[in-house]
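I opened the notebook to record a few look-ups on helix burial, helix packing and salt bridges. The sequence and structure come before the entries.

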Amino acid sequence: MSDFKLVKREDFSDVTYLLEVEHPMMAKAAHPGQFVIVMLHEHGERIPLTIADFDRNKGTITLVIQAVGKTTREMQQACQVGTGLYGMVGPMGIPSPISHAKKVVCVGGGLGVAPVYPQARAFKEAGAYVIGVLGFRNKSLIFWEDKFRACCDEFIVCTDDGSAGIKGLVTEGIKQAIARHADIDEVVAIGPPIMMKGCAEATRPHQIKTMVSLNPLMVDGTGMCGGCRVKLGDKVKFACVDGPDFDGHLVDFDDLMTRLRRYTKEERMALDHWEKSCRMQKEIELASAAATSPARASAVKR
Amino acid sequence: MREQDPQARAKNFEEVACGYDLKDALRESDRCMLCPDEPCIAGCPVGINIPGFIEKIGEKNFRAAYDILTDTNLLPSICGRVCPQETQCEGVCTVGESLEPVAIGRLERFIGDTAIKEGWVNIPYIEPARFKVGVVGSGPAGMACAADMAKAGCDVTVYEAFHQPGGVLRYGIPDFRLPNEVIDAEINNLRKLGVKFECNTLVGRLFTIEQMIDEMGFHSVFVGVGAGYPTMLGIPGDSLNGVLSANELLTRCNLMRAKEFPNFDTPLPLGHRVAVVGAGNTAMDAMRVSLRLGADKVYCIYRRSRKEAPARAEEVHHAEQEGIEFHWLTNPVAVLDDGKGSARGMRCIRMELGEPDDSGRRRPVPVAGSEFDFETDLIVYAIGTNANPIMGQTSKLKLNKWGYIGTDENLATSVAGVFAGGDIVTGAATVIEAMGAGRKAARSMKAYLGIRDSKLPYISQGVDGAGRLFGIDVRERNFARIRVA
């Protein structure tokens, strides 16, 4: 089995971290908007992660991950430089349609900042005027500001608590951009479903085309299980092979959010089980450290 | 054949059919009359020399039986378990005209399993042919094609998108019908033939078929990616939590080992009252898997009658024995919402059989006023699949109007050097049909590459125009080497 070696690791906060994985073939083939499915180890589950960046010269792809559940927390612990992944397949999904839009607003909410970056960069390279709108809960969670400033003609930051930029959600930033520019052709919004829903509603009255990148639960990612099915108008599409980008004004976000919750009980169980085994592991380590060095043991006792 | 008791086996994933022991095999092989007609050979989609290997069993020469079997079929332990023999070899058996047909499938399985236990593998001397062949998809079609091309001396690489090879054998067929160890053993035999397996590779996206031929040095490619895109019913409530395709249930359970959650991370949809819509082999698998996962009640909802059910006879029989409740001539109308986005039940309508439709089967028509509701918390759709869209999205292969890859009678596609077979060409079918397609494509690929089958007499095909001189093939007039395999 191939290694998928990690060549870089960066932590943006205590929940968000970046992994750069060596995969020359995938770096050559990747396009903005595509994702990979990753398995940490043989007992692991398959999870989709958007490709946040790809370097065709270095032969690497970059993933930005938020530690929310068992697998992403376990990866946060285990994935250090030099380690590998048990499985990584991609690039999956239809590449984002980088249209001939002349003026584009690229909106990233929280973790959505990472996957929207390659699209913003691609629009810039295609000659569009790019307005970047990034949203974070507070100033300490901001990352990749410099990368965005490098490819955006205008740059708006929004924080929930007002510690940086505008106080408010990214919809505030979108409203400001729309107020300043009457000729916006397209909006690309990536982030938690509730945020993408809000962005779609913010642009709907102005009838601006809004593309979103959906993140339903996935297993295979190749279109054979239907677990990632989403409602688009009166049609049903599979996010893994018909997406992951869709017209935000047609997406049934409520259905997406309900379906994302269908394993909450099992997710809770998995997290509890893992946290318990981590605690037990720590206790074993402490006990064996105490056993092997009596001097330290007596120091601990004191 | 000895089988696990239905009550006991409904709680475990061990094989239901326990397999023959030596006594059983000898007794059964004696029943074969070695009749002169040999209808069984024609009844087999890959043309195994059935009387030949049965005769060897009778002589207690199991190695020779294995040799004869593997001459045509390199995966006997798999076919013996999952072929619908009742419609193939056993269905035309001469003995079966008056008595029970010879249990050919069970004898095949006996030999295959003996070979695995003894570690036999048949690696003939293979003359390297300097051709590089790519196989897309490591399911039965790809495996069969890879085996034949490897035996012809080609350098074969099989690409698989999942992290483990086997295709539908691995993710679709549960352990109690086809254990993973058997799949691993057969794949190892292919590795010993020199076949390379590259998993975690999504052909079409990581690189395209055209790139394989133009840039990666492949001389010929076989596409066997299957037709796994599941069909949904299209009734209200389809996307409620608790409704899933059989493919998703089976992939979670078989490939991702969700039945061992939380030791394996993939979660499992646990249902107490499970309704499976459909009556094909996939539906039977989904029902019996649900039972083993701990369901109190499992229902089968099928809009036609038991006679029309497409599943293998043994599977329906086993499912009935295990206590699954069959509702024939019943069609779902809607999935009922519990108000919180999850399924709480299903509304169905009773059907009756009317005139035959264009498949020849009598068309079911709803009986007015016969709607009824029942409680379920897990609904599984096993009503058929469509072509996988990725090949169509990423290559210039011509598709037919249903999205399947168009091929001629030699399984050649619209791109030179690229051949296709199995479900992606015919639509969802069986493992043995896919293997037959893989072998047929291999014959065409060998012809395309110019590899001559040394067993066939040499009849000059000739090359048109400049290749012939006074009607005599140019190659017959010189001592240039002809590639032989």
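The entries below go through one buried helix, one helix pair and several salt bridges.

I am working with a predicted model, in which local features need pLDDT of at least 70 and side-chain atom pairs count only at pLDDT 80 or more, while totals for chains, interfaces and linings use all residues. Residues are numbered from 1 along each chain as its sequence is written, chains are lettered from A and ligands numbered from 1 in the order in which they are written, and side-chain values use heavy atoms, with hydrogens and water left out.

Entry on α12(B). I looked up helix α12 (residues 246-255) of chain B, taking helices as DSSP runs of H or I of at least four residues and strands as E runs of at least two, numbered from the N terminus. Ten of its ten residues are buried, so the helix is largely enclosed by the rest of the structure; buried means under 20% relative accessible area, exposed over 50% and partly exposed in between, with a 1.4 Å probe and protein chains only. Looking for what covers these residues, I found that the cover includes α10 (180-192), α13 (281-292) and β14 (378-381) of chain B, contact meaning heavy atoms within 4.5 Å. After the helix comes B:R257, whose phi is positive, near 55 degrees.

Entry on charges in α12(B). I then searched for salt bridges, each a side-chain nitrogen of Lys or Arg within 4 Å of a carboxyl oxygen of Asp or Glu, and the whole structure holds 44 over all chains. B:E248 pairs with B:R252 at 3.1 Å, N to O, and these two residues of α12 stand four residues apart, about one turn of the helix. B:E248 also meets A:R262 in a salt bridge at 3.5 Å; because A:R262 lies in the loop between α8 (253-260) and α9 (264-292) of chain A, whereas B:E248 lies in α12 of chain B, the pair joins two chains. Both B:E248 and A:R262 are buried.

Entry on chain A. For A:E145 and A:R149 I noted a salt bridge with the closest N and O atoms 2.9 Å apart, within helix α4 (residues 145-151) of chain A. A:E145 is partly exposed at 27% relative accessible area, and A:R149 is partly exposed at 48%.

Entry on α4(B) and α5(B). I checked how helices α4 (residues 50-58) and α5 (residues 62-72) of chain B pack, and found an angle of about 170 degrees with axes 7 Å apart. The contact includes B:F53 and B:I57 in α4(B), and B:I68 and B:L69 in α5(B).

Definitions and conventions:
Axes fitted to C-alpha atoms, helices over the stretch in contact; angles between N-to-C directions.
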